[in-house]
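Welcome to a short set of exercises. Have your viewer ready and try each task before reading its solution.

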Amino acid sequence: MSRLQASKGIIVVISGPSGVGKGTICKELVRRLNDACLSVSVTTRPRTPKEVDGKDYWFVGRDEFQRRIEKGLLLEHAEVFGNFYGTPKDKVDEAIAAGKVVILEIDVQGGKQVKKLYPDTVMIFILAPTPKELAGRLHGRGRDDEETAKRRLSQASKEIAVARQDYQYMVVNDKLDVVVNEIIGIIETTRKK
Ligand code: 5GP
């Protein structure tokens, strides 16, 4: 590659069980990579008091979500724990055209759809060091009641099974800086190809 040639835009899908630390990892990736951006998804899930519309998610009603599917505005969409989530297509296309690393923090169903549309997508699944640690993190964040936390944990093992087939990279989130370095290495190697 000549020195003047711009880097190729690329999609990086980051998936993993609830509570594994995907959000923190993605924010750190955006901070550390100077040409990365994080896609803001659309969801029908109610906003929590700490969340900001347009920053954490675009919060919409079910009718509006359906309208966006029908208009072809979503790159992928899926139902997760009874709510709908989707990735706005225009923002991803713009970022790729601008040669950026576009990070999608989405579930495994969505990841599969993206990989089909964009085969160059880098698929990364984040694992907790141990199942016990994941359970501890889920309870620790205090966002869910006991029942929901249990559901999220049982969903985690199903997701891991799917990920083993569809994801190129499974990385363990033991220490934040270690896992972020590992992911940056994966992204840089892929972009050089
Ligand atoms: P939460 O409600 O905890 O923010 O997210 C629940 C799950 O939905 C997480 O696994 C998250 O990765 C996934 N998710 C968030 N946005 C999207 C999206 O746009 N598409 C898909 N398929 N999953 C998403």
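Two exercises follow, on a predicted model.

**Exercise 1. The ligand and its surroundings**

Find out which residues come nearest to the ligand, and which polar atoms lie by its oxygen atoms.

*Solution.*

Step 1: Start with the shell. There are 16 residues around the ligand, and Ser41, Arg45, Tyr57, Tyr85 and Asp107 come nearest.

Step 2: Sort the shell by class. You should get 7 charged, 5 nonpolar and 4 polar residues.

Step 3: Look for polar contacts, using a cut-off of 3.5 Å between N or O atoms. Tyrosine 85 places a polar side-chain atom 2.5 Å from a ligand oxygen. For glycine 86, a polar backbone atom is 3.1 Å from an oxygen atom of the ligand. With threonine 87, an N or O atom of the side chain is 3.4 Å from a ligand oxygen.

Step 4: Check the cover. On its own the ligand has 510 Å² of accessible area, and the protein covers 95% of this.

Step 5: Map the shell onto strands. Strand 5 (74-80) and strand 6 (83-88) each contribute at least two residues.

**Exercise 2. The open sheet**

Work out the strand order of the 5-stranded open sheet, and what packs on the sheet.

*Solution.*

Step 1: Trace the order, which is 2-7-1-8-9, with parallel pairing.

Step 2: Inspect the edges. Strand 2 (36-38) and strand 9 (169-172) each have a single partner strand, so one side of each lacks a neighbour in the sheet.

Step 3: Follow the twist, which averages 25° from one strand to the next.

Step 4: Zoom in on one pair. Strand 8 (residues 122-127) and strand 9 share 4 bridges in the parallel sense, and leucine 127 stands opposite valine 172.

Step 5: Add the helix. Helix 3 (residues 89-97) packs on the sheet and touches strand 1 (10-15), strand 2 and strand 7 (101-105). Its direction makes about 150° with that of strand 7.

Note on methods
Residues numbered from 1 in each chain as written. Predicted model: local features only at pLDDT ≥ 70, side-chain atom pairs only at ≥ 80, totals over all residues. Heavy atoms only, no water. Near = heavy atom within 4 Å. Polar contact = N/O pair within 3.5 Å; in protein donor to acceptor, adjacent residues only side chain to side chain. Areas by Shrake-Rupley, 256 points an atom, 1.4 Å probe, with all protein chains shown as cover. Nonpolar A, V, L, I, M, F, W, Y, C, P; charged D, E, K, R; others polar. Pairing = 2+ DSSP bridges. Axes fitted to C-alpha atoms, helices over the stretch in contact; angles between N-to-C directions. Contact = heavy atoms within 4.5 Å.
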